[in-house]
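Here are a few exercises to work through with the structure open. Try each task yourself before you read the solution.

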Amino acid sequence: MPPSEGVSLLPWAQAEEDIPSGPDPKQLADLQARVDALNTRYRHHSATAVLEGALRDPEAGDIAMVSSFGAESVALLHLVAMVDRSVPVLFIDTLLLFAETLTYQQEIAERLNLSDMHIIRASDEVINQRDPYGALKFTNQDACCLLRKTEPLNQALDGFDGWITGRKRFQSGSRAALEFFELEAETGRIKVNPLAHWAPEDVRAYMDENRLPRHPLVAQGYPSIGCAPCTTKVAEGEDPRSGRWRGQQKEECGIHFGKDGPIRTGAKT
Ligand code: SF4
């Protein structure tokens, strides 16, 4: 099935306070035991082996992939497509992305033949209620990310036991001990991080070896790419993620859930 036929647009009128309260302590303990077992089972395995395990191991449950189709996303998308191109791929369109990102998303989805592509958006109704003038991106960025990213993604992940992320240990101090599998305590979902041990050069080498197309904005000075109003070019020698929310204290992308909103992770991905 062509990607366009697999796309679903998910309206969401859910309010911030409707985010689930999360699993109870007994459930959390059971989930943590599953995660520990998975990490023991797949320790020292390759990214591909971890992906295959996550998608086929009953301990991991039903898994979706979440991708921003940003600067490095194509590496993990390609790995996933090699294992199973029918894995559900969720792409959050905040309606404030660069036009180049939207074009790139379509190009990559078609090239990799991703057959279960989902475009996730907050509904017009909710945006009109909570951000009628489009000012939140200037006045309250955490609320803007919650409205346009966290809440729609949380709803889209409802029914999945876990999700695949592209997070890596090198990205920040808070990710220095990142494991292949981790428990998202706020939702009870398992996060799968197949590239946890990859270095920046591993990502570049993988993209080169597989001749994967780069996001067009990388060549224009954007090594990390989010929403257009919150992403600037990065000068040589700067941290690659310094162009995200430049000049603001905000440091996370907003898709790591908590009952009180996005969890600060110290990483701009
Ligand atoms: S990154 Fe900026 S524009 Fe995008 S949702 Fe967050 S605050 Fe809003």
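**Exercise 1.** Work out how helix H3 and helix H4 pack against each other.

*Solution.* Start with the geometry: H3 (residues 47-56) and H4 (residues 73-83) meet at an angle of about 55 degrees, and their axes are 10 Å apart. Axes here are lines fitted to C-alpha atoms over the stretch in contact, with angles running from 0 to 180 degrees between N-to-C directions. Helices (H or I, at least four residues) and strands (E, at least two) are DSSP runs, numbered from the N terminus. Next, name the arrangement: H3 and H4 are oblique to each other, since angles under 35 degrees count as roughly parallel, over 145 as roughly antiparallel, 65 to 115 as roughly perpendicular and the rest as oblique. Finally, list the residues that touch: Ala47, Thr48, Leu51, Glu52 and Leu55 from H3, and Leu79, Val80 and Val83 from H4. Contact means C-beta atoms, placed from the backbone, within 7 Å.

A word on the model: it is predicted, so local features need pLDDT of at least 70 and side-chain atom pairs count only at pLDDT 80 or more, while totals for chains, interfaces and linings use all residues. Residues are numbered from 1 along each chain as its sequence is written.

**Exercise 2.** Decide whether H4 is largely enclosed or not, and find what covers its buried residues.

*Solution.* First, count: 8 of the 11 residues of H4 are buried, so the helix is largely enclosed by the rest of the structure. Buried means 20 or more other C-beta atoms within 10 Å of a residue's own; exposed means 12 or fewer, and partly exposed is in between. Among the buried ones are Ser73, Leu76 and Ala81. Then look around: the cover includes H3, strand E2 (63-66), helix H5 (99-111), strand E5 (162-164) and helix H9 (200-209).

**Exercise 3.** Find the largest nonpolar core and see where Val80 sits in it.

*Solution.* A nonpolar core is a set of buried Ala, Val, Leu, Ile, Met, Phe, Trp, Tyr and Cys residues joined through C-beta atoms within 7 Å. The largest one has 46 residues, and Val80 is one of those with the most contacts inside it. H4 gives the largest share of this core, 7 residues. Not counting residues up to four places away in sequence, Val80 touches Leu51, Met65, Val87 and Ile164.

**Exercise 4.** Is Leu136 buried or partly exposed?

*Solution.* Find Leu136 in helix H7 (residues 136-139). It has 19 C-beta neighbours inside 10 Å, so Leu136 counts as partly exposed.

Notes:
Contact = placed C-beta atoms within 7 Å.
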